[in-house]
Amino acid sequence: FASTRHVWWKKDDVMAATTANVGMKTRMRANIAPSKRTVAGKNGWKRRTMHVCGVAAPPHQPKTGTSDEFEDVLRSGLEGVALVHEKTFPSHAEVLRSIPKHCMEKNTAKSMAYAATSVALTLGCLAVGHLIPLKLAFLPIWMLYAAVTGTVATGCWVIAHECGHGAFSDNAFLQDAVGFVLHSALLVPYFSWQRSHAIHHARTNHMTEGETHVPHVAGTNAGDGSKKRKEWMGEPIYTVVRLVTHLVFGWPAYILFGATGGPKYGTTNHFWPYAPFSGKLFPGKWKQKVLFSAAGVFTMIGVLTWWAKTAGVLPVAALYGGPLLVTNFWLVLYTWLQHTDVDIPHFDKDNWTFIKGAFHTVDRPYGPVLDFLHHRIGSTHVAHHVNSTIPHYNAVEATNALKEKYPEHYLFDPTPIHQAMWRVASKCIAVEKKGNMYVFK
């Protein structure tokens with residue numbers, strides 16, 4: 001829309017203005033272009049005619065509603081909207097009704113086509129890798145190869161992740177077969193992770209029953225220890241160390257020891273659900289599925305061992321090991337950033353609900369290339385937590401439905417990913433309880 005405003009100013013005052021088109025629901029920001037027409041007024045004041053053109057602002061929610069007790073909480077690109085405590089949350093059933101029913105429908109042929117695309121792209125990268133000389137002078141090329149191939153292979157990881165959620169096909173055997181093969185090829189115990197990840201979805205942002213990236217509490221040994229390490233190292237060094245430990249070692253630490261898994265299930269292992277590890281995460285029939293998953297991973301390790309014996313350790317490390325580290329980097333980063341930031345709260349059992357946890361998931365701007373390669377896992381993650389059986393190719397429509405129906409609940413942070421990553425690693429250390437929320441202090 002366009003309109004004309006008369007703005008009074010004195011001397012060299014800087015002018016800024018915002019406006020809204022009357023009758024439009026969309027919040028608008030104003031681009032103001034001064035005309036050459038100036039009218040003199042009294043006492044040195046002047047009037048200039050301003051042509052105001054409205055431009056739709058990026059979708060974000062009002063800042064109002066946070067109480068004084070949250071004033072000292074840092075702000076992300078969400079601008080504190082997740083801290084608004086007066087919001088009333090709908091039921092899960094109400095939210096599901098807002099999503100078109102066809103978004104839940106699975107198309108096996110389409111799912112297989114996406115899986116084939118990710119596999120073909122990954123194999124293509126491996127083929128190119130065989131052309132790179134195994135010489136020290138080509139180390140930068142090998143690093144680039146690892147970054148590209150690992151990023152591409154993450155698409156295979158996401159497809160297997162979709163299989164684990166039951167969002168790939170109505171044919172359960174085919175679904176699990178595809179997921180098992182793809183995850184085993186990436187050294188992921190398919191059924192073990194399926195179970196632990198289901199708990200993560202069932203208890204998102206739950207302080208005591210959550211699974212993965214459950215924050216430490218200030219005043220505990222873990223929480224205060226992290227803060228002391230930051231003070232001792234200094235923020236920049238601490239942040240770098242934390243990024244390395246999370247994004248390089250975080251995934252193996254989780255599947256081997258349950259690191260960041262929360263207090264409820266104790267020290268867990270995704271390959272062995274028996275002593276000396278806690279078996280509470282894998283009750284009943286899940287224990288057999290854990291062992292079957294372990295067999296898949298050990299079979300892949302056997303293939304890699306055979307490859308190393310016939311071709312040498314260096315080709316295996318360069319062609320497979322480097323990209324695997326990058327794939328692990330992406331899967332940890334996605335989970336970390338979709339549920340953690342300086343103004344994203346967590347809840348205890350008295351204040352948590354499923355839909356509250358789902359709506360405290362945040363979508364982020366990963367860009368068209370990563371959205372294509374990774375099947376939009378980071379930009380449609382809210383819808384994924386509302387209903388994890390929505391196939392990724394229907395997730396954009398589901399996300400748009402949620403934004404339209406629940407604009408006060410849907411969270412999107414426009415912060416560039418590298419900036420969000422640094423902020424989370426440097427600032428999100430330990431939480432304290434404020435009101436009915438746990439927030440980072």
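1. A cavity, as the word is used here, is a set of grid points where a 1.4 Å probe fits but cannot get out. In this predicted model, the largest cavity has a volume of about 130 Å³, and its lining is made up of 15 residues, of which Glu162, Thr380, His384, Ile390 and His392 are the closest to its centre. A search of the whole structure returns three cavities of 30 Å³ or more.

2. As to where the walls of the largest cavity come from, H3 and helix H13 (381–386) each supply at least two of the lining residues. By class, the lining of the largest cavity comprises six nonpolar, seven polar and two charged residues.

3. The second largest cavity has a volume of about 80 Å³, and among its 13 lining residues the closest to the centre are Asn205, Thr212, His213, Val214 and His346. Which classes of residue make up its lining? For the second largest cavity the division is one nonpolar, ten polar and two charged residues.

4. Turning to open space, the largest pocket holds about 1000 Å³ and is lined by 46 residues, with His213, Val214, His246, Ala259 and Thr260 lying nearest its centre. His213 and Val214 thus appear in the description of this pocket and also in that of the second largest cavity, a point the reader may wish to follow in the structure above.

5. Several elements each give at least two residues to the lining of the largest pocket, namely helix H3 (139–164), helix H5 (190–202), strand S4 (216–217), helix H6 (221–233), helix H7 (235–247), helix H8 (250–257), H10 and strand S6 (437–440). The pocket lining divides into 24 nonpolar, 19 polar and three charged residues. H3 therefore has a part in the lining of the largest pocket and in that of the largest cavity, if the terms for helices and strands, which are DSSP runs, are kept in mind.

6. The largest nonpolar core contains 59 residues, and those that touch the most other members are Trp157, Leu187, Leu247, Trp251, Trp330, Leu333 and Tyr366. Helix H10 (residues 313–339) gives the most to this core, contributing eleven residues. Apart from this core lies another, of 15 residues, which includes Phe359, Val382, Leu402 and Phe412. As a general matter, nonpolar side chains in soluble globular proteins tend to be buried together.

7. Leu187 deserves a separate word. Once its neighbours within four places in sequence are set aside, Leu187 is in contact with Ile255, Val297, Met300, Ile301, Leu304, Tyr320 and Leu324.

Note on methods. Residues are numbered from 1 along each chain as its sequence is written. This is a predicted model: local features need pLDDT of at least 70, side-chain atom pairs count only at pLDDT 80 or more; totals for chains, interfaces and linings use all residues. Side-chain values use heavy atoms; hydrogens and water are left out. A nonpolar core is a set of buried Ala, Val, Leu, Ile, Met, Phe, Trp, Tyr and Cys residues joined through side-chain atoms within 4.5 Å. Buried means under 20% relative accessible area, exposed over 50%, partly exposed in between (1.4 Å probe, protein chains only). Helices (H or I, at least four residues) and strands (E, at least two) are DSSP runs, numbered from the N terminus. Contact means heavy atoms within 4.5 Å. On a 1 Å grid over the protein atoms alone, a cavity is a set of points where a 1.4 Å probe fits but cannot get out, and a pocket is an open set with protein on both sides within 12 Å along at least five of seven lines; lining residues have an atom within 4 Å of a point. Grid points are joined across faces, edges and corners, and a volume is the space filled by probe spheres set on the points. Ala, Val, Leu, Ile, Met, Phe, Trp, Tyr, Cys and Pro count as nonpolar, Asp, Glu, Lys and Arg as charged, and the others, Gly among them, as polar.
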